[in-house]
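Visitor: I am new to this structure and should like to be guided through it step by step. Please show it to me before we begin.

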Amino acid sequence: MDKGIEIRTSPHLKRVISVDKIMRTVVLALLPICAFAVYQFGLSALLLLLTTTGVAMWTEWFFARLSGKGNTLADWSVVITGLLLGLTLPPGFPLWMAAVAAFVGVALGKALFGGLGYNVMNPALVGRAFVQAAFPVAITTWTPAFAPGRFMELIPSTLTLPFMQPNPVKDWVAGLHLDGWSGATPLAIQKFQHIEAPIADAFSGMIAGSAGETSALLILICGLWLAWQRMLDWRIPVSVLAGAALMALPFWLMDSGHYPSPWFVLSSGGLMLAAWFMASDMVASPVTARGVVIYGLFIGSLTVIIRLFGGLVEGVMYAILLGNALGPLISSWTQPRVYGTSKKS
Amino acid sequence: MKHQTAVLDSKLAPEAGLSGLVKRLNTGFLRLFHGHKTFDHGIYPVEHKEWTADKPIRRLPFADELVIPLLQHKGRAAVPIVKVGQEVVRGEPIAHADHFVSVPMHAPATGVIRAIGLAPTAAGPKTQAIYLKVYHAASQEVLYGEHREPERMSAKDIIQSIQDAGLVGLGGGAFPSHVKMHPPAGRVIHTLVVNGCECEPYLTCDHRIMLEQTDALLRGIMIALKATRAERAIIGVEDNKLDAVAHLRARIPKDLPITAEAVQTKYPQGAEKMLIKALLDLEVPAGGLTADVGVAVFNVGTLAQMGELLPNSQGLIERVVTVSGPAVKRPGNFMVPIGTPIRFLLDQVGVDGELGQVILGGPMMGMAVASLDVPVTKSVSGVVALRPEPEDAVRRQVYPCIKCGECLSACPISLNPSMLGELAAAREYATMEESFQLDQCFECGCCAYVCPSNIPLTQYFRIAKSINRDAKKHHEQKQH
């Protein structure tokens, strides 16, 4: 009877949720947002997402091979990086630049630190920060959503040859005969002309913006589902959004003609996607319960400060990167009090 | 209280008619209105208690040979007082305690001493044990001991007779009970916490004891109250056993300072520090004893045996064991003589298919045995037989820590297992203790249970603690 009995040390029970399951679930939650981006912006958005995800996966595979780690693609985390990166770029972003962003994000933002679990910052945002600095024009060139024929043709800038400046899209946009298209996002219009886009449009995504940053409502639904699946720490997005709203509120109360309302702050730009899917990146956020709240409030309020007073239109990317950098420090400040002790460990 | 010889006061069958209905109503009422006292954090593993919760305690036949290790408790091993070839009667002392932190052993059956030698243990190393060949034809009535009334004895005499009975913590701790009755100098025990939580999955022996050995349990509580000079006793029971709470409340005489309270069903609610937190909202100071907050904690099984044995001045020779698990054909709760080999126990309940791990105690903190010749000892509350795990589950891929924080929200004493795990991987064992209070960890296994990266955190901490212990010992030796 006791021929094959096994011995291991306790605990002998194990919850069955593993890292790859968590990562797969996050990918699943991102898919509706990707689908909406493709529906909004057409073939160009699809190619953009495929490029960033493909290059990110190749880079992960390449560095894992180089360091003799075996196949780390199986943990699925790099797919999240690729998809998130694609969602933060303008839909007509030249594919070769997107590939550069994906390579830099995974190589510099993740592989060099030692891969999954060791990266200090969110790799997708590292990649985006790099191309923001390298290609400032391309990354602020927006094209209209729901362009007719978006499933038949590509935005001209998409297929720019490597190392070339993007093909201009002005003539192409003019050919679409859209009324009132200014080529600016609602955030930019608010910032420079102090006109708020209707909240309903911003919330539902009927506006210009990055491929996946436009429908706050859809992002909210996907994020809530993920939180309900307990694959996401709900305290992070909630405190990011709360931080942003609380920071925006006094300015709006002082001068509502000049400053955006908290509602507009929450539903515009990349804040929603960033709060639910990027700030909540487990690896780069603090581990303690009180730490994540401080981290979230910091990111939310810093985003608004950059938006209102910085030179940039959108500040959530830098806010998260700074929050990531502060993560370990916040963690060590907020160590929980151990049972039976008065001091913190 | 009236004297009672039967081990089990049995009203076992599910009750029909009016009294059964009243009982069910009582339990239903409790379910709606009981409090939800608990501690911070913890986990909710699948329990499978329904497999055995309604199985009354049954007696099993004796194995042909019983193996009684001389060290079944924390402290010093007992010293044999029998010779090979000597015949012993059930209940007769066969080894005595020659130290305060030690307990004697009693013959669990009438028979003859076959040998005194090494025997396998769950922990691994073989230890000295007495091999007792059982006379199957002999009467197995306990003839040893005489009647006396603990109510009339002094606290000191009671404590002595608890040691003489060989009583240790039957919940799994195996710490000699009489030692806990003695508060350290300068400490006063005001509350006796009676642990009926049974938070380990699968186990239901304490549940059955509360239902079936209620009189013995209450008598044991009164004895312990007298010995510790505590003012009151609180029986803490997880709210997955509300029938036991209702039953106890109905049976506790109004004039006794005993209450039964439900606490939330959550692992590790049965750890004494957690139960004290839940019931009294007190925290045992780090590195301290429960007596530092004026509390002594005893398991319900220990007190039921105390109530049974002391009035007859008998010794501990058997205990209730839950035999369960996916690989067991007929799981149940059994009164098992100490020294019964696990193999015999599994033969009695039937093994279904192939065996994987066989765990003594519960699956969260219990030990997997390397051999089925390991005997049931005083601290074995359960034998859980699992099926072989599929290859891919055994070699679950270990991922790097992704800082998800699950372990921090699972750790019942609010350690930072994520950080401790990284320090352990870097062999920074001293830092683990100095800066992150590793020494407070009681290895409940919550962190390793929840870890999505499958990092064997509890195992890491066990190793780190033993290395730190060795280093400390080495350091002390150097100084002398």
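**A guided tour of two chains**

Visitor: How many strands and how many helices does chain A have?
Guide: Chain A has its elements counted from DSSP runs (helices are H or I of at least four residues and strands are E of at least two, numbered from the N terminus). Read along the sequence, chain A gives the pattern α-α-α-α-α-α-α-α-α-α-α-α-α-α. The count for chain A is zero strands and 14 helices.

Visitor: On what footing do the model and its numbering stand?
Guide: Residues are numbered from 1 along each chain as its sequence is written, while chains are lettered from A and ligands numbered from 1 in the order in which they are written. Totals for chains, interfaces and linings use all residues, whereas local features need pLDDT of at least 70 and side-chain atom pairs count only at pLDDT 80 or more, for this is a predicted model.

Visitor: What is the radius of gyration of chain A?
Guide: The C-alpha atoms of chain A fill a box of roughly 80 × 50 × 35 Å along the principal axes. The radius of gyration is taken over C-alpha atoms, and the globule rule is 2.2 Å times the number of residues to the power 0.38. For 345 residues a compact globule would be near 20 Å, and chain A agrees with this, having 21 Å.

Visitor: Which helix of chain A packs against α2(A) at an angle of about 35 degrees?
Guide: Axes are lines fitted to C-alpha atoms (for helices over the stretch in contact), with angles from 0 to 180 degrees between N-to-C directions. Helix α2(A), residues 43-66, has its axis 8 Å from that of a helix spanning residues 95-109. Among the residues that meet are Leu47(A) and Phe63(A) of α2(A) and Leu95(A) and Phe103(A) of the partner, where contact requires C-beta atoms, placed from the backbone, to lie within 7 Å. The partner of α2(A) is α4(A).

Visitor: How many nonpolar residues are in the contact of α2(A) with α4(A)?
Guide: Ala, Val, Leu, Ile, Met, Phe, Trp, Tyr, Cys and Pro count as nonpolar, Asp, Glu, Lys and Arg as charged, and the others, Gly among them, as polar. In this contact one residue is charged, four are polar, and the nonpolar residues number 13.

Visitor: What radius of gyration does chain B have?
Guide: Chain B contains 14 helices and 17 strands. Its C-alpha trace spans about 60 × 55 × 55 Å along the principal axes. A compact globule of 480 residues would be near 23 Å, and the value for chain B, which agrees, is 22 Å.

Visitor: Which strands stand at the edges of the open sheet of four strands in chain B?
Guide: Strands pair if DSSP finds at least two bridges between them. In this sheet the order is β11-β10-β9-β12 (chain B), with parallel pairing. One side of each edge strand is left without a neighbour in the sheet because each has a single partner strand; the edge strands of chain B are β11 (258-263) and β12 (295-299).

Visitor: Which residue of β10(B) stands opposite Val193(B)?
Guide: Strand β9(B), residues 191-196, runs parallel to β10(B), residues 232-238, and six bridges join them. Within β10(B), the residue opposite Val193(B) is Ile234(B).

Visitor: At what angle does helix α7(B) run to β9(B)?
Guide: Helix α6(B), residues 242-251, lies across β9, β10 and β11 of chain B. Helix α7(B), residues 272-280, lies across β9, β10, β11 and β12 of chain B, and its angle to β9(B) is about 115 degrees.

Visitor: Which residue is the bridge partner of Pro80(B) in β5(B)?
Guide: Three strands of chain B form an open sheet with antiparallel pairing, in the order β3-β5-β6. Two bridges join β3(B) to β5(B), residues 93-96. The partner of Pro80(B) is Ala95(B).

Visitor: Which residue in β8(B) stands opposite Ala115(B)?
Guide: Strand β8(B), residues 127-134, is joined by five bridges to β2(B), residues 65-69, in the antiparallel sense. Strand β7(B), residues 111-119, also pairs antiparallel with β8(B), over eight bridges. Opposite Ala115(B) stands Tyr131(B).

Visitor: How many residues of chain A are in contact with chain B?
Guide: Chain B brings 56 residues to the meeting of the chains, and the residues of chain A in contact with them number 37. On the side of chain B, the elements giving two or more residues include α9 (342-349) and α14 (457-479). By class, that side has seven charged, 17 polar and 32 nonpolar residues. The count asked for, on chain A, is 37.

Definitions and conventions. Two residues are in contact if their C-beta atoms, placed from the backbone, lie within 7 Å.
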